[in-house]
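Reader: I have a chain on my screen and would like to go through its backbone with you. Could we begin with what the exposure words stand for?

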Amino acid sequence: MPRYTVHVRGEWLAVPCSDGQLTVGWLGREAVRRYMKNKPDNGGFTSVDEVHFLVRRCKGLGLLDSEDLLDVALEDNEFVEVVIEGDAMSPDFIPSQPEGVYLYSKYREPEKYIALDGDSLNTEDLVNLGKGHYKIKLTSTAEKRVQKSREVIDSIIREKTVVYGITTGFGKFARTVIPVSKLQELQVNLVRSHSSGVGKPLSPERCRMLLALRINVLAKGYSGISLETLKQVIEVFNASCLSYVPEKGTVGASGDLAPLSHLALGLIGEGKMWSPKSGWADAKYVLEAHGLKPVVLKPKEGLALINGTQMITSLGCEAVERASAIARQADIVAALTLEVLKGTTKAFDTDIHAVRPHRGQIEVAFRFRSLLDSDHHPSEIAESHRFCDRVQDAYTLRCCPQVHGVVNDTIAFVKDIITTELNSATDNPMVFASRGETISGGNFHGEYPAKALDYLAIGVHELAAISERRIERLCNPSLSELPAFLVAEGGLNSGFMIAHCTAAALVSENKALCHPSSVDSLSTSAATEDHVSMGGWAARKALRVIEHVEQVLAIELLAACQGIEFLRPLKTTTPLEKVYDLVRSVVRPWIKDRFMAPDIEAAHRLLLEQKVWEVAVPYIEKYRMEHIPESRPLSPTAFSLESLCKNSIKIPESEDL
């Protein structure tokens, strides 16, 4: 018998339907009737007939025609909402409607799997798991480790040994011994009481990353979770049933307790969950709609699910990957600006950087050489000022290798720490099957990723700081020799005047966000947890800083392309012309003032999707191959020849250059 899950005024109702020839209107009336039956005052109505309503899908929010037949309009177990006339949509239905609609249309169930073993996950794979590109399975080695770890816990229970978090309370209650008959209740109470976060929920992508990373840590075999429960958690991930996890509430020691508890709350069928099929709904209905049962926690399993640094680290993975992407594209954007401002390439000479051999600096200088005027791809713009009397450029152009370079090296340093953290056991107590015992320690403390992500924010911010100064040079006619604010008929038109102000505002905001959160600590849990990392905020603000950097560079990219318009018919180098063509495929030139925000968003999307890098990297690598051993990829943000082959990037033939 088909059944539908219907949302009415904050309540979820299961409505069976014995006849597929019944209509959507009948479903709405039946849901309202059941809603009224559950209310002492009938929900404020005297009869179902007086209630006027609309019915819409939770997936995509599409309205349904009341005359449509149910077996035509809906699938079995589909989620719908009845919106009663005069009511506002319930605030807990879809916390972020635009993001929700976008995600419904984007999600496609993956066919490929990633095998997790707790030892070899990398940042790129975790981000792809978050995007829904893969399902998860365990390696056979991981399964054996998990089973052996659980045997230690079962032995502790049988022998009634007093062990923290297994047969005792938590935190200040560590000395309170719990009767065997209440050990399962202890774990459920732990998850419920610790689900105390506030704020917006993590997006489905970020929640997938969080769940995937927790699975990876459990796969190491030091947490004491049973293989049965872990496989249930993996089934939930593979069905993309994702708990409602508020972004605020962790102090980063003992791990990310609040967000991980919200993650576990959905797994046990409580709180809310999201899936592409249901949207936001009560967890028990979401699980049931996907043929899944709530997890029944065994002793120690609640603690195994919530104790660790996975919130900090999963967000840190996204931060590192986005930082890497924008750092390498910043070199391309800056090179285009240098061309427009008629700068010199002399500051990027190989010998200059060989005598100050920082890896990032050498790589950035090489990229500039590969993109700017050379025998490989001459520039008509560069030729037009070859014999000018300018000796050297401003620091914002001349010092790009030194400034951008240290950003590359910062990202490499942080990526190393985050990768180690991805594959680290962060529970307490730790279960060592080889020794047949548990040991209490402090691996849950988030100081490592917290400090690293504070450092990442400080480092990556400098890309925006120097970019904003280059935007100023592009817009200022006394510095650029271009029309003021890059527009004709200045005065009638304002051009990039306020776009530059936006860049300045973002840079200023970043300065406050770059204050390290990890220098702070507040004692919690009655002074048993008396030093904490504040890593959750370090991760969240690092992502905000990086987003601002992307947006500032998007504005510079638009400004540089607009500057090119005033230098026509002269052309720049082939790779930079390709970048110009890419931008012009989504944003037309400014002839007169127009609504600018959509253009900034379009350029930002090009950078987010790494389109700017994709069109330029073949020329960079072609140049690299012809200048070995002059240069080689020197940081994780550079594309190696090996990765080029792996990703099938087409390197142009020499005549294309």
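Author: A residue counts as buried when its relative accessible area is under 20%, as exposed when that area is over 50%, and as partly exposed in between. Please keep in mind that this is a predicted model.

Reader: Then is K160 buried or exposed?

Author: K160 has a relative accessibility of 63%, so it counts as exposed. Its place is in the loop between α5 (140-159) and α6 (183-194), and K160 has a positive phi of about 55° although it is not a glycine. Most residues other than glycine have a negative phi.

Reader: And what is the phi of F485?

Author: For F485 the phi is positive, about 60°, and F485 is not a glycine either. This residue sits in the loop between α19 (477-480) and α20 (497-513), where F485 is partly exposed because its relative accessible area is 28%.

Reader: Switching to peptide bonds, which residues does a cis bond join?

Author: One cis peptide bond joins R568 and P569, with omega about 15°, and P569 is found in the loop between α21 (535-565) and α22 (574-584). The bond from A253 to S254 is also cis, with omega near 5°, and S254 lies in the loop between β10 (246-248) and α9 (257-267).

Reader: Stepping back, how many helices and strands does the chain have?

Author: The chain has 25 helices and 14 strands, and buried residues make up 56% of its 657 residues. Its radius of gyration is 29 Å, which agrees with the value near 26 Å for a compact globule of 657 residues.

Technical notes. Residues numbered from 1 in each chain as written. Predicted model: local features only at pLDDT ≥ 70, side-chain atom pairs only at ≥ 80, totals over all residues. Heavy atoms only, no water. Helix = DSSP H or I, 4+ residues; strand = E, 2+ residues; numbered from the N terminus. Rg over C-alpha atoms; globule rule 2.2 N^0.38 Å. Buried < 20%, exposed > 50% of the residue type's maximum accessible area, 1.4 Å probe, protein only.
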